[in-house]
Amino acid sequence: MAGLIIGTVGATATAGTAAATATASAPKADLRADVNRDGRVDVKGSSDTPGENTWTRLRGAVVLPNIDDDTRRCPTRTADGKPLGDKELARCHDAADTVVNGASDAADLARLRTVPAPEVSSDAYGTVRIVGRAAGRLFVQRAGKWKHLKADDRLTAAELRSGVELGIEATDVVRDAARWDGEILVRFGITDGGASAKDDVRLKTAPVLTHHHRQKAQEVLVTQVAEVPGRPELVPEQAKFVKDLEREVRAAGIKKPVKKFISYDDPWAQDFVEPGYVSMTGPNGKAHAIRVMIRSAQDRPAGRELFERLRGKDVGVVQVGKGLPREESTLNSTGNLETIPPYQHKGKAYPAGRIIMGERADAKSRPAKSMTTFLSSQGEQSPLLLDTGWLGVGHVDEFVQFLPAKTERGWRIGISDPDAGLEVLRKARAGGHGSAKMFSVPDKFGMSAPKETIGQMLENKNFLADNKLAADRIKANLRVLKAETGITEAEVVRVPGLYARFDMASGAKLGRLGGDAFARLGQGPKTKPYTGASERSRAKAAPAPVETGAYIPGAINGVVLSDSRYLSAQQWGPVIGGRDVFGAAVSAAYAKAGFTTAYIDDYYTYHLGGGEVHCATNTLRDTSQPWWKLS
């Protein structure tokens with residue numbers, strides 16, 4: 001009996017020891033990502049462990065949507081030379097396959113690491129997979145090469161013991177947060193004998209962000225027009241505009257040459273694309289970015305050139321769909337999309353800035369839902385809609401801009417001021433110059449500049465009414481901007497501007513919609529005395545709401561080339577004592593804000609089509625500032 005007891009006790013002790021051994025050797029799964037966003041994955045310390053299963057603006061791992069084309073392998077034509085359709089163009093990018101296309105493509109992968117587990121047995125194996133249907137893809141580093149890691153692929157016991165490096169890419173941008181908000185949950189599992197363990201890390205896809213003017217201009221874009229149907233004389237005139245632009249870009253210290261769109265003769269380089277970017281911290285602790293060219297939600301062939309000429313190393317293109325038939329196309333031009341620089345106000349922070357767009361509130365007409373959904377879904381720049389229903393073209397760049405400033409806020413609002421514009425005229429008339437012509441631009445191409453005098457315009461009731469309308473609507477928009485940002489009156493730069501109904505810029509609304517804009521110039525009553533009666537109104541049974549455009553070329557519609565140099569359309573205003581008094585007033589306004597203003601002529605090439613220098617150009621800006629930090 002005693003022997004049995006001893007045997008039982010011995011057996012119990014042996015079982016307990018085995019259980020203890022099994023517990024001691026149970027695997028431990030530990031997956032790490034760059035949770036603190038310092039550009040490296042910490043597997044020895046614990047800096048990347050807290051918060052790895054949550055994600056906030058300030059903490060959490062970021063993954064890039066890898067939509068560039070680093071080796072320029074994506075075709076733009078079929079094998080028999082026919083142009084690919086828009087959908088086919090958009091399908092090809094680096095995340096469209098399961099291959100890491102060289103070192104540049106590898107740099108676009110966010111890194112993950114497994115913490116070495118030396119205790120596992122030789123029978124152990126591991127798995128790493130993306131949970132759910134998130135748009136992501138995993139790779140594993142093996143023998144110095146990146147290999148696609150499928151959900152059922154296994155890590156070996158040797159890999160578990162040494163730890164492995166993984167790469168992850170998002171295979172698309174966030175398009176509609178209601179369907180997918182960019183979150184990617186990665187699960188690392190270890191199985192060893194009958195025991196298993198797992199660890200999750202939550203990443204989020206970097207938002208597509210638009211540029212603001214506190215980001216340094218690095219490259220300027222413009223269309224080089226080769227053909228103007230019916231108006232061939234405008235080709236050299238527009239070529240001169242491009243040359244003048246190149247001169248001013250160099251003078252501003254921008255090193256890269258002006259990049260030219262050359263294939264589709266759409267002169268409005270501002271309107272068919274909005275340059276953006278995505279970024280995460282790279283291994284050197286600096287931002288690693290992919291530029292994302294956002295194609296306008298319109299049926300504009302020029303958007304194809306984004307794929308054909310711009311897409312490449314660290315440059316991708318996003319199409320968000322076209323506007324619906326009931327959505328007014330001009331509101332979907334990206335001249336109607338600008339960005340307030342970073343700010344915080346009333347408990348809300350916008351460290352990457354905030355988008356503004358124009359809507360026709362009176363007509364209940366807004367930009368395409370596909371675009372506003374896309375922009376809102378990025379979760380960082382919450383679009384703010386302003387009233388542009390009083391403008392024929394309807395773009396925010398016709399009356400407001402944001403200027404970098406050496407102030408605590410770091411920026412000011414530039415606003416077009418019709419009251420200041422009228423004051424320039426009244427001062428000239430009071431000085432005995434009421435008979436001076438409103439315009440000093442020379443007649444060209446069989447077109448005559450308006451012949452009205454200062455005195456005639458100041459007596460024209462329609463002209464005064466148009467500018468009162470513009471002034472009232474601009475003031476209302478400024479109140480919205482002040483309320484949303486906290487900016488003060490002392491931070492507002494008022495730039496003289498004048499507006500008039502659309503028979504002063506005939507065809508402008510149509511002109512801004514496509515590449516035939518130049519063909520429309522000079523065909524309408526721009527050469528006739530101003531009456532204030534709209535051709536568009538007369539064509540309808542019921543009067544349409546008054547819609548205006550820039551009368552004298554809109555200075556506010558220019559380009560911030562640096563934090564001290566501004567490029568405007570030449571004003572061609574009244575010349576008194578050998579000086580363009582309107583141009584002098586514009587220069588004085590910008591000088592108060594610390595800017596030197598340069599001018600180039602856009603009168604016959606862009607102004608008569610309803611736009612100015614800003615409408616004709618675009619800029620690629622610096623992406624080095626972390627978008628989650630308010631600076």
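This section describes the internal cavities, the largest pocket, helix α14 and the setting of arginine 473 in a predicted model.

In the predicted structure, 10 cavities of 30 Å³ or more were counted, and the largest cavity encloses about 180 Å³ of space. The lining of this largest cavity is made up of 16 residues, and those nearest its centre are His213, Glu338, His614, Thr619 and Arg621. Two or more lining residues come from each of the strands β13 (273-281), β16 (337-340) and β31 (617-621), with β31 giving the most, namely four residues. By residue class, the lining of the largest cavity comprises nine polar, four nonpolar and three charged residues.

The largest pocket holds about 450 Å³ of space. It is lined by 20 residues, among which Val424, Pro496, Ala584, Ala585 and Ala588 lie closest to the pocket centre. The elements that supply two or more residues to this lining are α8 (418-430), β23 (492-496) and α14, and the greatest share is that of α14, with six residues. Of the residues lining the largest pocket, 14 are nonpolar, five are charged and one is polar.

Helix α14, which gives the most residues to the lining of the largest pocket, spans residues 581-592 and thus has 12 residues; the distance from its first C-alpha to its last is 17 Å, close to the 16 Å expected at 1.5 Å a residue. The N-terminal end of α14 is capped by aspartate 580, a side-chain oxygen of which lies 3.0 Å from the backbone nitrogen of phenylalanine 582. Phenylalanine 582 is itself one of the buried residues of the helix, the others being Val581, Gly583, Val586, Ala589 and Tyr590. Just after α14, a positive phi of about 90° is found at glycine 594.

Arginine 473 is located in helix α10 (residues 461-485). Its relative accessibility is 22%, and arginine 473 is therefore classed as partly exposed, given that the buried class is reserved for values under 20%. When residues up to four places away in sequence are left out, arginine 473 touches Asp362, Asp387 and Trp390. Of these contacts, the one with aspartate 387 joins positions 86 residues apart along the chain, whose C-alpha atoms are separated by 7.4 Å.

Methods. Residues numbered from 1 in each chain as written. Predicted model: local features only at pLDDT ≥ 70, side-chain atom pairs only at ≥ 80, totals over all residues. Heavy atoms only, no water. 1 Å grid on protein atoms, 1.4 Å probe; cavity = no way out; pocket = protein on both sides within 12 Å on 5 of 7 lines; lining within 4 Å. Points joined across faces, edges and corners; volume = space filled by probe spheres on them. Nonpolar A, V, L, I, M, F, W, Y, C, P; charged D, E, K, R; others polar. Expected span 1.5 Å × (residues − 1). Buried < 20%, exposed > 50% of the residue type's maximum accessible area, 1.4 Å probe, protein only. Polar contact = N/O pair within 3.5 Å; in protein donor to acceptor, adjacent residues only side chain to side chain. Contact = heavy atoms within 4.5 Å.
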